[in-house]
Amino acid sequence: MKCVPVTAIIGLLLLSGMILALSAGKYPLGLSDISQLLTGNPPHDPRLSIVFWQIRMPRMLAALLIGAGLAAAGTTYQGMFRNPLVSPDILGVSAGAGMGASVAILLGLSMLYIQGLAFVGGLLVVALVCVIARFTRRQDPVLSLVLIGIAIGTLCGAMISLIKVLADPYTELPSITFWLLGGLNTITINDLQVAAPLTLLGLLPLWLLRWRMNLLSLPDEEASAMGVNVTRLRVIFIVSATLVTASAVAIAGIIGWVGLVVPHICRIITGANNRQLLPMSMAVGAILLLVTDTLARTVSSVELPLGILTAMIGAPFFLLLLMRRERL
Amino acid sequence: MTLVQFANTAIGYPQHPVLQQISFNIEAGEVCCLLGANGCGKTTLIRSLLGRLTLQGGNILLQRRPIRDWRAHELAKWMAYVPQAHDSPFAFSVLDMVLMGRSIHLKTFSSPSAKDRQQALELLENMGIAHLATRQYPSLSGGERQLVLITRALIQQPKLLVMDEPAASLDFGRQITLLKKIRQLKSEGMTLLMSTHHPLHARAIADRVVLLSPLGAQQGSAAAMLTGQKLAALYDVQEADIRHHLGIEI
Amino acid sequence: MDVTRRSLMQGLAGCGLLAAFPSLARAESPLLLPFGKMPMPGNIRQVLSAGAPADMLLLALAPQLLLGFSSFDLRQGAQWLSPSVTQLPKLGRLAGRASTLSLEQLLALKPDLIIDCGDISDTFRSLAQRTVTQTNTPYLLVSGKLTDSPAQLKQTGAVLGVDSQAAQLAATAEQILGDARTFAASTGKNLSFYAARGARGLETGVTGSLHTEAIELLGLRNVVSDTDRKGLAQVSLEQILLWQPDLIITQDEATWQHITQSPQWRGITAVKQQQVLLYRRFPFGWLDAPPGVNRLLGVRRLQAHLDSGLRSAFKAEMQQFFLQFFHSTLSDDDYRTLVPTI
């Protein structure tokens, strides 16, 4: 029975977050302008239409999509790796994407290539991790995946550092740094047109199979004895979560902490059952990123990198949770 | 009717064989107890029966069909597994934990219905732990967890229940309840295979006892297997100590 | 919650950390900071450049002493420079942890003097001191502010013993800077600009940063200013729409293409009026990077763009600049390639 008010509160928060994100910003755009724009009336200042439709709206949608996507991927990975300290980039997707993007920036390529190489880099690294895991002789496939992911991720991190050393310190290096810190300031409608279908494609299996996600947090032989094809289910989840994360990273850079912290917050609200946890995580992740991004573009005279803000909000919150709760 | 047949089975790992030439049968509707010293291969044998370990030789047949030919979802309709009570990294509620056992009866994309929920509550009631339904699984005692895991296996509606030392973490009273429950399940037509460290438990419920030692498997009725002499050999202690310790004539 | 360098520093000071950095409140320092025993001008035969601005400075002053470039490999794609310049090898830079030239390579090159130009904060002073201690090679740190270029050229020239070349260069620099100041006082101050960087053009230099000081020299107002941050920052397009700069300047083709073609940027008047200037690197940048004396040419080009009276003379001035600073003859064809429109 307590479900109804919680859902209502989250829905209300989401709605007010969206209104806040659409009305807050450096360009003066009031609520009356917004209602005018939404009803299709031409605004008194033609630039308002650009600000609203080309800048704020895509940015808000991207924050919602990426926040929900990263939180869903984090929830999935924490569940299937039976470890509450896992984040969506545990299998190296962010490191791979970072490497791809850095190479593209080093070569002076356009945004299309930066995003493309980031996306492909993320997917390739996760594929590599899975292939290597298949050839390991360890008994515990989950632990193998995590360890190999950490190793390959570190390797990519080293490659990124190498690229940073090779990059021109006055031109390419700052761009690489900004990219690695993440941010939504460059989002365009075109980015969304490509990233949104990919993200939704990855979210769909996670959503449909979310109850079965519970079974993967049991030891393999138990899940298997309950009739679950553990390997197949795990592959489906890895592919889906990777698709979601890689799409997010490709258009927004590396945004940490959302995928790690949000599932924890939501377990307090809904409990561990992914049937309720996954939708809640997606909603809270969307709200969190929306609010953080709105802060990132309003508190200072220039943009603050989103990755820095999510860490500044996420890390203390996480520590608080660790101290307060006996069990994550 | 023979439900499970171990035919000259060798179990273990490629570089590390655990047991070889095991042969015994489990008949439908009987209770079979596995006894053996620590590390003798009881858990390995159970893992092999569950199809989680590749056999190193011979065969395990379920319904005269080799276990390796069974797919996980087919196998789960016949056989449910009760692991030793363990911790869970996530705080699932007891009801959620039990409902996971319904997975084989649900469509791929669906989750448990109100009917499944009702069935789970009835089973919890039946196991005497209905009051735990909303508690978080990790907050339970070892014994309570074990009962939850048994309930979870039962809701799977198997014909064969495989239990790995189900009494290990139960207090004396709960052990007696468990044995009663096993008898009840048997009377309802369930076949059970359980490993145990308690010869007395085996004597109380087993129709068939399998003794596992590095020399292989011996099977027979409880009376034939649970003799002081055989137990002394199995656990590598003096026969007199066995008699003295159990305090009753075996 | 305006996070600025000052507030961060105040926060750190609150923790008592700032006491450890006494130099943060240092007064004006001299242009040249020598470390180790400076050799006599006549005894300097080989000089090592530590970074891109020093490459520019030394190329202009004394290419005959230069062992190689720290940051440029000109063997391909720089056909407008003379072979004597393009044949110089790329050796790598000295920048502490970010060095690409190892101390052993440095020793093998046997320079008589190492010169670095740019920031002379304590970080770079300690780096210089450390390099001197480890390699026993004298090290000269030159403060790299663009407005100081005449003095930079003269004083460094004196150290290297190339006073007459230095005097000529300094005169050119002085003239460019002087004209720029005059322009700044009249026309320049009425104009605003945005310096676009990054693939989407949304990275930029804040007012007072190394990346925009050349443009600001002409009096143009940088639309991006932060209370006291002086580096690069990210902005949103919404802000640029609000600022409506008169000019948008970029040095990257990819940035220029995005700005001129993306529908998002169409609401900006400068884009509509085709006031998006692409100052392509050749491979030395015009106004932004590298932050060396090369920017003097960029200052002149931008002034010529804004002041039609200077346009006709610019080609000759640029050819003269190439001769003086890059020791290369710029043909009319090459001029048209480098400067398709002023």
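This report walks through a predicted model with chains A, B and C, going from chain contacts to domains, one helix and a single residue.

**How the chains meet**

Start with who touches whom. Two pairs of chains are in contact, and A and C are the pair sharing the most contacts. Chains B and C don't touch: no contact joins them, and their closest C-alpha atoms sit 37 Å apart.

On the A–C side of things, 36 residues of chain C are in contact with 33 residues of chain A. Looking at chain C's half, the elements giving two or more residues are strand E8 (232–234), helix H9 (237–243) and helix H10 (253–261) of chain C. H9(C) gives the most, with five residues. As for chemistry, this side of chain C has 19 nonpolar, 11 polar and six charged residues.

**Two domains in chain C**

Chain C splits into domain 1 (25–163) and domain 2 (186–338). Their C-alpha centres are 26 Å apart, and the contact takes 25 residues from domain 1 of chain C and 21 residues from domain 2 of chain C. On the domain 1 side, H2, helix H3 (83–86), strand E3 (113–118) and H6 of chain C each give two or more residues. H2(C) has the largest share there, seven residues.

Here is the class make-up of two contact sides in chain C:

| Side | Nonpolar | Polar | Charged |
|---|---|---|---|
| Chain C, touching chain A | 19 residues | 11 residues | six residues |
| Domain 1 of chain C, touching domain 2 of chain C | 16 residues | eight residues | one residue |

**Helix H6 of chain C**

H6(C), one of the elements on that domain 1 side, is worth a closer look. Does its length fit or clash with what 1.5 Å a residue predicts? The 12 residues of H6(C) (149–160) should span 16 Å, and the end C-alpha atoms are 16 Å apart, so the two agree.

Which residues of H6(C) are buried? They are C:Ser149, C:Pro150, C:Gln152, C:Leu153, C:Thr156, C:Gly157, C:Val159 and C:Leu160. An α-helix has 3.6 residues a turn, so residues three or four places apart point the same way. The cover over the buried residues of H6(C) includes strand E1 (32–35), strand E2 (47–49), helix H2 (52–61), strand E4 (139–143), helix H7 (163–185) and helix H12 (295–306) of chain C. Right after the helix comes C:Gly161, with a positive phi near 75°.

**Chain B as a whole**

Chain B has 10 helices and 10 strands. Its radius of gyration is 18 Å, close to the 18 Å the globule rule gives for 250 residues, so chain B is as compact as a globular protein of that length. Along the principal axes, the C-alpha atoms of chain B fill a box of roughly 55 × 45 × 35 Å. Of its 250 residues, 43% count as buried. Among contacts in chain B with a separation of 6 or more, 67% come from residues 24 or more positions apart.

Confidence in chain B has a mean pLDDT of 90, with 98% of residues at 70 or more. In chain B, helix H10 (residues 239–246) is lowest, at a mean of 83, while helix H3 (residues 94–99) is highest, at 95.

**One residue in chain A**

A:Leu155 lies in helix H6 (residues 141–166) of chain A. Is A:Leu155 buried or partly exposed? With 16 other C-beta atoms within 10 Å, A:Leu155 is partly exposed. From A:Leu155 to A:Leu145 is 10 residues in sequence and 15 Å in space, C-alpha to C-alpha.

Note on methods. Residues numbered from 1 in each chain as written. Chains lettered and ligands numbered in written order. Predicted model: local features only at pLDDT ≥ 70, side-chain atom pairs only at ≥ 80, totals over all residues. Contact = placed C-beta atoms within 7 Å. Helix = DSSP H or I, 4+ residues; strand = E, 2+ residues; numbered from the N terminus. Nonpolar A, V, L, I, M, F, W, Y, C, P; charged D, E, K, R; others polar. Expected span 1.5 Å × (residues − 1). Buried ≥ 20, exposed ≤ 12 C-beta atoms within 10 Å, placed from the backbone. Domains from an automatic or database assignment. Rg over C-alpha atoms; globule rule 2.2 N^0.38 Å. pLDDT = per-residue confidence, 0-100.
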